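Visitor: I have a chain open on my screen and would like to talk it through with you. Could we begin with one side chain and work outwards from there?

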Amino acid sequence: MTTAHHIGILPLPFASAVHDLSSFQWDHRIQISELEPPTHIAPYAAAIDAEIVVDSLDVGSGRLILLHDPHGNDAWGGEFRCVTFAQADVTAEMVHDPFLADVGWSWLIEALNTRGARYGHESGTITTTSSTPFGSKQREESSSQIEIRASWTPELDTDNTLSVHLQAWQTLLCDIAGIPPADDTVIPLAIRTAVSR
């Protein structure tokens, strides 16, 4: 199985989560496309890729993978796991700020908490890099980036859906790209969400 069109043969909790993922309304600055999910981490998985575009400029990117094991996973502490990667360019001053990594981690936690998402077993790493070109590349500009790699276990049921976690992830993307929070100008996800079994 490769797409959400086969949702009928998925376990109901995962099918509901995939429905939330495929029908979520994203901020117009976040362009979503399907991503082939991993096939070796969990029995079921879905994945999307995001490009953050402002005034025709790519200012950041990310990807989100939703994993599901109907029998539960002791390492996750539940049946679901959200895994994310997000990155964006930052200024040279920011990348040398010793507190930038702490701030980056706080963006994720505050986004989840502000949206009222129920979760646990959160973990991740924040990486900041600065690149200075030399030799034949010396005409290129120096660059600095922040990368967030994180995962958490969403507590999903009929009253607590994946949508609030998607809202939190969208907030994280806006934060890392340095753009204002999402407004009411949203568009539906008009693509097939890649799903693996």
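Guide: Let us begin with Trp105, which counts as partly exposed because its relative accessibility is 25%, a value between the cut-offs of 20% for buried and 50% for exposed. Please keep in mind throughout that this is a predicted model.

Visitor: Where is the place of Trp105?

Guide: Trp105 sits in helix H3, which covers residues 100–114.

Visitor: And what does Trp105 touch, leaving out residues up to four places away in sequence?

Guide: With those sequence neighbours left out, Trp105 is in contact with Glu122, Ser123, Gly124, Ile126 and Ala150. For Gly124, the separation from Trp105 is 19 residues in sequence, while their C-alpha atoms lie 8.1 Å apart in space.

Visitor: Which residues of H3 are buried?

Guide: The buried residues of H3 are Leu100, Gly104, Trp107, Leu108, Ile109, Ala111 and Leu112. Their cover includes helix H2 (92–95), strand S6 (119–131), strand S7 (143–154) and H4. As general background, an α-helix has 3.6 residues a turn, so residues three or four places apart point the same way.

Visitor: What span should H3 have, and how far apart are its end C-alpha atoms?

Guide: At 1.5 Å a residue, the 15 residues of H3 should span 21 Å, and the end C-alpha atoms are 20 Å apart, which agrees. Just after H3 comes Gly116, with a positive phi of about 75 degrees.

Visitor: What about H4, how does its span come out?

Guide: Helix H4 runs over residues 163–177, and its 15 residues should likewise span 21 Å at 1.5 Å a residue; the end C-alpha atoms are 21 Å apart, so the two values agree. Among the buried residues of H4 are His165, Leu166, Trp169, Gln170 and Cys174, and Gly178, just after H4, takes a positive phi of about 70 degrees.

Visitor: Which residues other than glycine have a positive phi?

Guide: Among them are Ser56, with phi near 70 degrees, and His121, with phi near 50 degrees. For context, most residues other than glycine have a negative phi. Ser56 lies in the loop between S3 and S4 and counts as exposed because its relative accessibility is 72%, whereas His121 belongs to strand S6 and is partly exposed, with a relative accessible area of 46%.

Visitor: Switching to empty space: how many cavities of 30 Å³ or more does the structure hold?

Guide: The structure holds one cavity of 30 Å³ or more, and the largest cavity has a volume of about 30 Å³. Its lining is formed by Leu21, Ala46, Ile48, Leu64, Ile65, Leu66, Cys82, Leu162 and Leu166. Strand S3 (44–54) and strand S4 (57–73) are the elements that give two or more residues to that lining, and S4 gives the most, with three residues.

Visitor: How do the residues of that lining divide into nonpolar, polar and charged?

Guide: The lining of the largest cavity has nine nonpolar residues, no polar ones and no charged ones. Leu166, which belongs to that lining, is also one of the buried residues in H4.

Visitor: Finally, what does the whole chain look like in outline?

Guide: The chain has four helices and nine strands, and from the N terminus on the elements follow the order α-β-β-β-β-β-α-α-β-β-α-β-β. Of its 197 residues, 44% are buried. Among contacts with a separation of 6 or more, 68% come from residues 24 or more positions apart. The chain exposes about 10400 Å², of which carbon and sulfur atoms supply 50%.

Methods. Residues numbered from 1 in each chain as written. Predicted model: local features only at pLDDT ≥ 70, side-chain atom pairs only at ≥ 80, totals over all residues. Heavy atoms only, no water. Expected span 1.5 Å × (residues − 1). Buried < 20%, exposed > 50% of the residue type's maximum accessible area, 1.4 Å probe, protein only. 1 Å grid on protein atoms, 1.4 Å probe; cavity = no way out; pocket = protein on both sides within 12 Å on 5 of 7 lines; lining within 4 Å. Points joined across faces, edges and corners; volume = space filled by probe spheres on them. Nonpolar A, V, L, I, M, F, W, Y, C, P; charged D, E, K, R; others polar. Contact = heavy atoms within 4.5 Å. Areas by Shrake-Rupley, 256 points an atom, 1.4 Å probe, with all protein chains shown as cover.
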